Amino acid sequence: MTMIARVTDGLPLAEGLDDGRDLADAEMYKQQVKALFKNLSKGHNEASRMSIETGPYVFHYIIEGRVCYLTMCDRAYPKKLAFQYLEDLKNEFERVNGAQIETAARPYAFIKFDTFIQKTKKLYLDTRTQRNIAKLNDELYEVHQIMTRNVQEVLGVGEKLDQVSQMSSRLTSESHIYADKARDLNRQALIRKWAPVAIVLGVVFLLFWVKTKLW
């Protein structure tokens with residue numbers, strides 16, 4: 001699985017069009033990817049490169065120029081090759097579509113990029129080719145410091161932050177309601193306190209006015 005999305009709003013821009021018949025629970029993994037993009041759009045995970053373990057697979061992603069490039073591989077697949085594959089996609093995607101990324105308004109606006117994804121994927125499938133062995137031995141590209149986390153941990157953090165945000169909004173709304181009620185109660189208390197005084201003064205003033213008219 002390979003997906004490319006805009007980080008600012010999670011909009012999917014392109015996807016490797018595999019039919020998913022050879023992948024058990026393919027739809028579940030796609031939903032996890034969409035949830036991950038949603039979290040990234042909210043700034044819940046700020047690492048520009050990360051590996052996320054999910055069942056027997058690993059999501060690897062890189063973020064460059066407000067775009068997230070993600071692929072899912074077997075756990076046994078070399079991490080170094082996975083990230084170099086993503087770098088190749090990033091370089092070509094920026095070259096071909098860079099000017100339209102921010103203005104894209106519909107999902108999968110760059111679906112034709114699938115052609116390049118499929119062609120590049122074939123180059124990386126066999127880790128034993130001379131080309132890929134050379135990439136594995138390339139000391140200029142290291143991935144040791146890229147963090148690896150669990151998908152439940154990553155998505156769980158986003159859900160907890162959403163809950164905290166919702167709770168904060170609810171408390172703010174309720175505090176406004178309580179403040180309005182407190183003002184109403186204070187107003188009613190003032191009315192109850194001074195209404196009798198106002199009535200007495202009104203009666204006295206009325207009697208004084210009547211007396212003045214009679215005399």
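These are legends for several close-up views of a predicted model.

**View 1. The whole chain, before we zoom in.**
Let's start with the parts list: this protein chain has 5 helices and 6 strands. Walk along the sequence and you meet them in the order β-β-α-β-β-β-α-α-α-β-α. The chain is 215 residues long, and 36% of those residues are buried. About 13900 Å² of the chain is exposed, with carbon and sulfur atoms supplying 59% of that area. Now take the contacts between residues at least 6 apart in sequence: 66% of them join residues at least 24 apart.

**View 2. Phe-93 meets Phe-110, ring to ring.**
A quick tip for reading this view: a pair of aromatic rings is described by the distance of the centres and the angle of the planes. The structure holds 6 aromatic pairs, and Phe-93 with Phe-110 is one of them. Their ring centres sit 5.5 Å apart, and with 90° between the planes the pair is edge-to-face. Where do the two rings come from? Phe-93 belongs to helix α2 (residues 79–97), while Phe-110 is in the loop between α2 and α3 (114–125), so the pair ties together parts that are 17 residues apart in sequence. Don't look for these two on the outside: Phe-93 is buried, and so is Phe-110.

**View 3. Phe-93 again, this time with Phe-113.**
Phe-93 also makes an edge-to-face pair with Phe-113, at 5.0 Å centre to centre and 80° between the planes. Once more a helix is paired with a loop: Phe-93 is in helix α2 and Phe-113 is in the loop between α2 and α3, so parts that are 20 residues apart in sequence are tied together. Is this pair buried or exposed? Both Phe-93 and Phe-113 are buried. Step back a little and you can spot a cluster, in which ring pairs link Tyr-69, Phe-93, Phe-110, Phe-113 and Phe-116.

**View 4. An arginine over a tyrosine, and a salt bridge.**
Here Arg-131 lies over the face of Tyr-124, at 4.6 Å from the ring centre. Another arginine to look for is Arg-128, which forms a salt bridge with Asp-126. The closest N and O atoms of that pair are 3.2 Å apart. Arg-128 has a relative accessible area of 67%, so it counts as exposed. Asp-126 comes in at 31%, which makes it partly exposed.

**View 5. A salt bridge between two strands.**
Side chains of opposite charge can pair when their charged atoms come close. There are 10 salt bridges in the structure, and the one shown here joins Glu-64 to Arg-49, with 3.2 Å between the closest N and O atoms. Glu-64 is in strand β4 (residues 57–64) and Arg-49 is in strand β3 (residues 49–54), so the bridge ties together parts that are 15 residues apart in sequence. With a relative accessible area of 28%, Glu-64 is partly exposed. Follow the charges further and you find a network of salt bridges that links Arg-49, Glu-64, Glu-87 and Lys-90.

**View 6. A salt bridge within helix α2.**
Glu-92 and Arg-95 join their side chains in a salt bridge, 2.7 Å from N to O. How many residues separate the two? They are 3 residues apart in helix α2, which is about one turn of the helix. Which partner is buried? Glu-92 is, because its relative accessible area of 18% falls under the 20% cut-off. Arg-95 counts as exposed, at 61% relative accessibility.

**View 7. Two sights along helix α5.**
Trp-194 is found in helix α5 (residues 151–214). Together with Leu-190, Val-197 and Leu-201, Trp-194 forms a nonpolar patch on the surface. The accessible area of these residues together is about 410 Å². Trp-194 itself has 47% relative accessibility, so it counts as partly exposed. Elsewhere in helix α5 you'll find Val-154. Val-154 has a relative accessible area of 1%, so it is buried. Its C-alpha atom is separated by 7.9 Å from that of Ile-52, a residue 102 residues away along the chain.

Key
Residues are numbered from 1 along each chain as its sequence is written. This is a predicted model: local features need pLDDT of at least 70, side-chain atom pairs count only at pLDDT 80 or more; totals for chains, interfaces and linings use all residues. Side-chain values use heavy atoms; hydrogens and water are left out. Rings of Phe, Tyr and Trp (its six-membered ring) pair if their centres lie within 6.5 Å; planes under 30 degrees apart count as stacked, over 60 as edge-to-face and the rest as tilted. Helices (H or I, at least four residues) and strands (E, at least two) are DSSP runs, numbered from the N terminus. Buried means under 20% relative accessible area, exposed over 50%, partly exposed in between (1.4 Å probe, protein chains only). A charge sits over a ring if NZ of Lys or CZ of Arg is within 6 Å of the ring centre and within 35 degrees of the ring normal. Patches are made of residues with over 30% relative accessible area and no salt bridge: like charges are joined within 9 Å, nonpolar side chains (Val, Leu, Ile, Met, Phe, Trp, Tyr) within 5 Å. Accessible areas come from the Shrake-Rupley method with a 1.4 Å probe; for residues, only the protein chains shown count as cover. A salt bridge is a side-chain nitrogen of Lys or Arg within 4 Å of a carboxyl oxygen of Asp or Glu. Contact means heavy atoms within 4.5 Å.
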